[in-house]
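User: I am new to this structure and would like to go through it step by step. Please take my questions one at a time.
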Amino acid sequence: MSRLPAGRLLLGGVGVLAMAYGVVRILTDTKDTKPAALLRWLVGTLLVHDVLIAPVVIGVGWLIGRALPPRAGRYLQAALVTGGLVSAVGLFLVWRQGKYSAASLALLQRDYRRNLLLVLGLIALAYLAGYLVEVARTPRRGDQARENRVNVRPPADQ
Amino acid sequence: MPITLLPDAAPKLWPRFAAGVRGPALTARVGRLLGIAFGVCFVTGLLSHYQYAPWRWLPIPAAPYWGYRLTQGLHVITGIACIPLLLVKLWSVFHRLFVWPPVRGALHALERGSVAVLVASSVFQLVTGLFNILQFYPWPWGFIRVHYWMSWVVVGSLLLHVAVQLPAIRAGLAERVTREAATRGLSRRGVLLAGGAGVAVVAATTVGQVVPALEPVALLSPREPRRGPLGVPVNRTAEAAGVTRAARSPQYRLSVHGNRVLEFTVAQLEAEPAVHTSLPIACVEGWSIQARWQGISLLDLVRRVGGSASSRVTVHSLEHGAYATSSLTGSQLEHAVLATHLNGQRLSVDHGYPIRLIAPDRAGVLQTKWLTRIEVG
């Protein structure tokens, strides 16, 4: 195995030390950190992403690629990427909305269901507009063929 | 040394993902942005942590008075924007989860283990951080300590990851981002644009809780800083703190202890010469709002009991619990005001009536409310 350059070794070494510091502090203050529950959460969040979120995202993308014509599929995928990322934050707000009694908190007092739908609607409109503009700009296949025929016609006798 | 127990080819049921447009060109670019964002969160997080326990010889400065407002606003908004950013980053390397063989040797196992630590701690840190902003604690541990120590794990495993992957990162950044779709679907450029749009929309619709000018588009900000009583939100009401009765009691007194002891009734506090200031309430949960305050100069009181600008002053609240006291030294002490009025009106009991602390560049939970005792050391 080739030797690592000193800079990378140093960077990695600092990383290991920082990691060790965090882990040791977590493990030495068990009353406050509850390591067993913490570990369950760490593994749980990893599993939720790797087993649930990522496969669903990749599966939906694959389905769209199969089911729709390439250009429409690309626009739908892009819209779902943008909208999905916004929802990744927005759905937490919708979920927790209305769970706080004190209005003075000013916490989650908006109508997040309506707001999220509004933002997602605007995103959908933006991509739809982009798609329609691109469709309008591209000559239809029939036109293209006709144009091609015009272009390939041999020059008239002169 | 290769592990010979595993077959050369992956077994039939092993998941197979074509890399498609995923690859170093995309990963390195998203990763660079995410690395910078994590760096911002780590540094601003350390600054916030320092607010709670500053060293005696290095007190929190009073200037700029909006310092904590800026750094904690950055911390929270950057952290929220990291959620979509991290999802894009993880998507861009997901096929690598299923490389065959899964482990090539001891070093490779360690490296993969450190990536698992990085991913788990990052997702954990962002999700629990968001829950904290939403004051939602479905776990048995103390959020503040775990969030602080876990940040060392995140940053440590990130540095290790960068050290291991540096050649791949360099190659990825040198590679062009192609417009052409490798298979059916988005091109690399398309993924970057659509993902970037998602991150931008999240940031734009939440930043209004720190930047008042952007509040009209803050459709997804958890807080509305202009909405509370007297134009300022209340994080902990008098009822929740259990001080309503004591704060309104005719027996209420504020005592100031130094070389001698001074005692004030509410009427005497209100009769003291007033100073005016404009300072923000900047909450650790990321929202902030500038407000006008009127009250008594803390340093004046400190001097009247024999203290000076170099004293260490501890203020005590009527409430009991984690934030019942806080301390001031140095330039924060010089500029601190014991406020009786907020935005031109007498403090309401939820805002800290009869009197509360307000000082520049200071975390909101340390702007102690319902003061009853001041110690000058």
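User: In which order do the 5 strands of the open sheet in chain B lie?
Analyst: This is a predicted model. In chain B, 5 strands form an open sheet with mixed pairing. Its edge strands are β2 (261–264) and β6 (325–328), each of which pairs on one side only. Neighbouring strands are turned by 15 degrees against each other on average, direction ignored. The order is β2-β1-β10-β5-β6.

User: Which residue of β10(B) stands opposite His316(B)?
Analyst: Strand β5 of chain B covers residues 313–317, and strand β10 of chain B covers residues 371–376. The two run antiparallel and are joined by 5 bridges. Opposite His316(B) in β10(B) stands Arg373(B).

User: Which helix gives the most residues to the side of chain A that touches chain B?
Analyst: The contact takes 60 residues from chain A and 65 residues from chain B. On the side of chain A, the elements that give two or more residues are α1 (6–28), α2 (30–33), α3 (35–67), α4 (70–96) and α5 (112–137). The residues of that side divide into 36 nonpolar, 15 polar and 9 charged. With 15 residues, the element that gives the most is α4(A).

User: Is Leu85(A) buried or exposed?
Analyst: Leu85(A) is placed in helix α4 of chain A. Leaving out residues up to four places away in sequence, Leu85(A) touches Pro84(B), Leu87(B), Gly195(B), Gly198(B), Val199(B) and Val202(B). Leu85(A) has 26 C-beta neighbours inside 10 Å, and 20 or more are needed, so the residue counts as buried.

User: At which residue does α2(B) bend?
Analyst: Helix α2 of chain B spans residues 67–92 and reaches 36 Å from its first C-alpha to its last, close to the 38 Å expected. Of its 26 residues, 22 are buried, so α2(B) is largely enclosed by the rest of the structure. The bend is about 30 degrees, and Pro84(B) follows within four residues. The bend in α2(B) is at Ile83(B).

User: On which residue is the kink in α3(A) centred?
Analyst: α3(A) has 33 residues and reaches 46 Å from its first C-alpha to its last, close to the 48 Å expected. Its buried residues are Leu38(A), Leu42(A), Thr45(A), His49(A) and Gly61(A). These buried residues pack against α1, α2 and α4 of chain A, and against α2, α3 (106–133) and α4 (143–174) of chain B. The kink in α3(A), of about 30 degrees, is centred on His49(A).

User: What is the bridge partner of Ile296(B) in β7(B)?
Analyst: Strand β7 of chain B covers residues 337–342, and 5 of its 6 residues are buried. Strand β4 (residues 288–297) of chain B pairs with β7(B) in the antiparallel sense over 5 bridges. The partner of Ile296(B) in β7(B) is Leu338(B).

User: Which residue of β9(B) stands opposite Ala339(B)?
Analyst: β7(B) is also joined to strand β9 (residues 356–358) of chain B. These strands run antiparallel, with 3 bridges between them. Opposite Ala339(B) in β9(B) stands Arg356(B).

User: Which residue in the turn between β7(B) and β8(B) has a positive phi?
Analyst: 2 bridges join β7(B) to strand β8 (residues 345–346) of chain B, and the two run antiparallel. Leu342(B) stands opposite Gln345(B) in β8(B). The strands form a hairpin with 2 residues between them. The turn residue with a positive phi, of about 50 degrees, is Asn343(B).

Note on methods. Residues numbered from 1 in each chain as written. Chains lettered and ligands numbered in written order. Predicted model: local features only at pLDDT ≥ 70, side-chain atom pairs only at ≥ 80, totals over all residues. Pairing = 2+ DSSP bridges. Axes fitted to C-alpha atoms, helices over the stretch in contact; angles between N-to-C directions. Contact = placed C-beta atoms within 7 Å. Nonpolar A, V, L, I, M, F, W, Y, C, P; charged D, E, K, R; others polar. Expected span 1.5 Å × (residues − 1). Bend = angle between axes of the 7 residues up to and from the residue. Buried ≥ 20, exposed ≤ 12 C-beta atoms within 10 Å, placed from the backbone.
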